Structure formats: C-alpha cells, structure tokens
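Subject: Structure for you to look at

Hello,

I am handing over the structure we spoke about. Please look through it with the notes below at hand.

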Amino acid sequence: MLPHAKDIVEYLKKRNHYIFILTSRDPDLGNLEQDTKISIERHFGAYFSQKIYFKPKGVTKAEVCRGLGFRVLIEDDLEHILQATKYSEILPILVDKPYNQ
C-alpha cells in the first residue's frame with residue numbers, strides 16, 4: 001500500500017467525495033474477487049462508496065470510468081492512464097511506481 005493512501009482516502013471521504021474501486025483483475029480466476037474485497041476491507045474499511053467494479057474483457061478502464069461517470073482515475077498502469085486521456089471528463093493520475101517508468 002502506498003504511504004498515506006489511507007489518510008488520503010479518509011480525507012476525500014470526509015469531504016463527501018464518492019470513492020470507488022475499479023480493477024482489471026479477472027473475477028473468473030480463482031478467488032480474486034473475494035481476495036480483493038478482503039484486502040480492501042482490511043486496509044480501508046468502509047471508506048469506499050460502493051462495490052468493487054471488475055473491468056469486463058474487451059473494455060478499457062477509461063470506458064468503464066466514463067460509462068459510470070467517474071471523474072478521476074488513479075492508476076498505476078500507464079496504458080490505462082493514456083486511454084483515459086482520450087476523455088476530457090476524466091482526470092487521469094498516474095501513481096509513481098518503478099514498473100511504470
């Protein structure tokens with residue numbers, strides 16, 4: 001988990017922002033869906049606004065964000081960020097990680 005991630009999520013939630021999870025993990029592979037939910041609950045508790053959204057195959061995260069009306073995409077995969085730049089209504093934020101340099 002990124003340093004201060006929980007603090008930032010708590011800050012946003014207290015200011016009445018809706019916070020959602022969108023993952024590219026395939027829910028058909030093993031227990032990824034349940035494992036993801038357990039991990040998020042353990043680290044963040046009830047800060048998130050709704051369920052976790054699993055990206056369908058053949059659809060980009062940017063398309064899912066646009067369809068659901070998400071305004072910001074915080075992401076560690078540069079490809080998803082580049083796709084999100086196609087839509088002016090989505091603010092893409094790349095999390096700085098060694099593997100996306």
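What follows is a summary of what was found, going from the overall layout to single residues.

Please keep in mind that this is a predicted model.

Overall layout

The protein chain holds 4 helices and 4 strands. Read from the N terminus, these elements come in the order α-β-α-β-α-β-α-β. The chain has 101 residues, and 31% of them are buried.

Strands β3 and β4

Strand β3 pairs with β4 (residues 91-94); the two run parallel and are joined by 4 bridges. Between them the chain passes through helix α4 (residues 78-84), and the β-α-β crossover made in this way is right-handed. On the β3 side, L73 has P92 of β4 as its bridge partner, and I74 stands opposite I93 of β4.

The two faces of β3 are not alike: L73 and E75 are on the covered face, while V72 and I74 are on the uncovered one. In general, side chains of a regular strand alternate between the two faces of the sheet. E75 belongs to strand β3. Is E75 buried or exposed? Its relative accessible area is 4%, and the cut-off for buried is under 20%, so E75 counts as buried. The C-alpha atom of E75 is 5.8 Å from that of V95, with the two positions 20 residues apart along the chain.

The aromatic pair

How many aromatic pairs does a search of the whole structure find? The search gives 1. The pair is formed by F20 and F70, with 4.9 Å from centre to centre and 15° between the planes, and it is stacked. F20 sits in the loop between α1 (5-14) and β1 (21-23), and F70 sits in the loop between α3 (61-68) and β3 (72-75), so the contact ties together parts that lie 50 residues apart in sequence. The two rings belong to residues of unlike accessibility: F20 is partly exposed at 26% relative accessibility, whereas F70 is buried at 12%.

The loop between α1 and β1 also contains N16. N16 is not a glycine, yet its phi is positive, at about 65°. With a relative accessibility of 65%, N16 is exposed.

The largest pocket

The volume of the largest pocket is about 1500 Å³. It is lined by 37 residues, and those closest to its centre are F20, I21, F48, I74 and E75. F20 is thus a member of the aromatic pair and also one of the residues closest to the pocket centre. From β3, the pocket centre has I74 and E75 among its closest residues, and these two come from opposite faces of that strand, I74 from the uncovered face and E75 from the covered one.

Which elements give two or more residues to the lining? They are α1, β1, α2 (32-44), α3, β3 and β4. Helix α2 gives the most, with 5 residues. By residue type, the lining divides into 24 nonpolar, 7 polar and 6 charged residues.

Two buried helix residues

I40 is placed in helix α2. I40 is buried, with a relative accessibility of 14%. Its C-alpha atom and that of I21 are separated by 9.1 Å, and the two residues are 19 apart along the chain.

A5 is in helix α1 and is likewise buried, at 16% relative accessible area. A5 and F44 are 39 residues apart along the chain, and their C-alpha atoms are 8.9 Å apart.

For a first look, I suggest these places: the stacked pair of F20 and F70, the β3 to β4 crossover through α4, and the largest pocket with its 37 lining residues.

Regards

Technical notes
Residues are numbered from 1 along each chain as its sequence is written. This is a predicted model: local features need pLDDT of at least 70, side-chain atom pairs count only at pLDDT 80 or more; totals for chains, interfaces and linings use all residues. Side-chain values use heavy atoms; hydrogens and water are left out. Rings of Phe, Tyr and Trp (its six-membered ring) pair if their centres lie within 6.5 Å; planes under 30 degrees apart count as stacked, over 60 as edge-to-face and the rest as tilted. Buried means under 20% relative accessible area, exposed over 50%, partly exposed in between (1.4 Å probe, protein chains only). Two strands pair if DSSP finds at least two bridges between them. A crossover is right-handed if, with the strands pointing away from the viewer, the path from the first strand over the helix to the second runs clockwise. On a 1 Å grid over the protein atoms alone, a cavity is a set of points where a 1.4 Å probe fits but cannot get out, and a pocket is an open set with protein on both sides within 12 Å along at least five of seven lines; lining residues have an atom within 4 Å of a point. Grid points are joined across faces, edges and corners, and a volume is the space filled by probe spheres set on the points. Ala, Val, Leu, Ile, Met, Phe, Trp, Tyr, Cys and Pro count as nonpolar, Asp, Glu, Lys and Arg as charged, and the others, Gly among them, as polar.
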